[in-house]
Amino acid sequence: VGSMSLLGQLALQTLSQGGMCAMSYLGIWTCITFLVALPRTFGAGLQGFSVAACVSVLVATLVAMIGSGIEPTPDRIVVATAPNSFYTAFLAITNPGKQSWMRRRGAKMLIKLVLAYAGHFLFFTIIAEVRVPSDSKKSAWALQLFSTTWYVIFAVVSYIYLGSTVQSPSFLSLSEIWAKAAWGLFLPNIL
């Protein structure tokens, strides 16, 4: 929920060219999210809500990939791997001694990897409202396979065209017009 609030704040800030304080955008987004979350169940609208969110993220990321391809970062540097020895890489994750910079960095990368592909926080809420609960396992598998594949494609294309200085989320690294288009299309998904 916190990450969606941050994304909403960043979207509003990008769409309005940062005309207000970041906390104002966060407050506005929080109020909008609260109003949408007031109903206790989605009822019959769950399917429509899910389809709108799915189409939103697909079209927004497609627009972002097209935008990054049309207007790539000039003089970008693409580094697929960082030179490292086995010893430093191993210690980055397993060092039982004091917390070193390398270990914190390795742990942070591991946490990002786990959280990125661990699933969606709404799995259980949505499963509770599925008409045939036995279908939820198939749905979760289909969602994870497709979303992981799509996000890896999106990440690779973004990184190739935006370079190693790409911001997170990568929509922030797009040119102004493409960033506005991508964030605008992405709003239904983060809502």
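## Aromatic residues around the α7–α8 loop

Phe154 and Phe171 are both buried. They belong to a predicted model, in which five aromatic pairs are found. The ring centres of Phe154 and Phe171 are 6.1 Å apart and their planes stand at 90 degrees, so this pair is edge-to-face. Because Phe154 lies in helix α7 (residues 136–162) while Phe171 lies in the loop between α7 and α8 (176–190), the pair ties together parts that are 17 residues apart in sequence.

Phe171 also pairs with Phe186: here the ring centres are 5.5 Å apart and the planes are at 80 degrees, so this pair too is edge-to-face. With Phe171 in the loop between α7 and α8 and Phe186 in helix α8, the pair links distant parts of the chain, 15 residues apart. Phe171 and Phe186 are both buried, and together with Phe154 and Trp183 they form one aromatic cluster.

## The largest nonpolar core

The largest nonpolar core has 23 residues, and those that touch the most other members are Ala64, Phe171, Leu174, Trp183, Phe186 and Ile190. Two or more residues are given to this core by each of α1 (2–15), α2, α3 (46–70), α7 and α8, and the largest share, seven residues, comes from α8. Phe171, Trp183 and Phe186 thus appear both in the aromatic cluster and among the core residues that touch the most other members.

Ile190, another of these core residues, is in contact with Met4, Leu7, Gly8, Ala11 and Trp29 when residues up to four places away in sequence are not counted.

## Long-range contacts of helix α8

Leu187 is a residue of helix α8, and, with residues up to four places away in sequence not counted, it touches Ala11, Leu15, Trp29 and Ser56. Leu187 and Ser56 are 131 residues apart in sequence, whereas their C-alpha atoms are 7.5 Å apart in space. Ala11 and Trp29 are thus touched by Leu187 and also by Ile190.

Pro188 likewise lies in helix α8, and its relative accessibility of 40% makes it partly exposed. Between Pro188 and Gly8 there are 10.0 Å in space, C-alpha to C-alpha, although the two residues are 180 residues apart in sequence. Gly8 is also one of the residues that Ile190 touches.

## The loop between α7 and α8

The loop that holds Phe171 also contains Pro169, and the peptide bond leading from Ser168 to Pro169 is cis, with omega near -5 degrees. Most residues other than glycine have a negative phi, and most peptide bonds are trans.

Ser170 is found in this loop between α7 and α8 as well, and, at 13% relative accessibility, it counts as buried. Leaving aside neighbours within four places in sequence, Ser170 is in contact with Phe154, Ser158 and Leu162. Phe154 therefore takes part both in these contacts and in the edge-to-face pair with Phe171.

## A positive phi at Asp75

In the loop between α3 and α4 (86–94) lies Asp75, whose phi is near 55 degrees, a positive value in a residue other than glycine. With a relative accessibility of 77%, Asp75 counts as exposed.

## Salt bridge and nonpolar surface patch

A search of the whole structure finds one salt bridge, in which the side chains of Glu176 and Lys180 meet at 3.4 Å, N to O. Both residues lie in helix α8, four residues apart, which is about one turn of the helix. Lys180 has a relative accessibility of 22% and so counts as partly exposed.

Met20, Ile28, Ile32, Val36 and Leu191 make a nonpolar surface patch of about 360 Å². Among them, Ile32 is placed in helix α2 (residues 22–37), and its relative accessibility of 32% makes it partly exposed. Helix α2 is also one of the elements that give two or more residues to the largest nonpolar core.

Methods:
Residues are numbered from 1 along each chain as its sequence is written. This is a predicted model: local features need pLDDT of at least 70, side-chain atom pairs count only at pLDDT 80 or more; totals for chains, interfaces and linings use all residues. Side-chain values use heavy atoms; hydrogens and water are left out. Rings of Phe, Tyr and Trp (its six-membered ring) pair if their centres lie within 6.5 Å; planes under 30 degrees apart count as stacked, over 60 as edge-to-face and the rest as tilted. Buried means under 20% relative accessible area, exposed over 50%, partly exposed in between (1.4 Å probe, protein chains only). Patches are made of residues with over 30% relative accessible area and no salt bridge: like charges are joined within 9 Å, nonpolar side chains (Val, Leu, Ile, Met, Phe, Trp, Tyr) within 5 Å. Accessible areas come from the Shrake-Rupley method with a 1.4 Å probe; for residues, only the protein chains shown count as cover. A salt bridge is a side-chain nitrogen of Lys or Arg within 4 Å of a carboxyl oxygen of Asp or Glu. A nonpolar core is a set of buried Ala, Val, Leu, Ile, Met, Phe, Trp, Tyr and Cys residues joined through side-chain atoms within 4.5 Å. Contact means heavy atoms within 4.5 Å.
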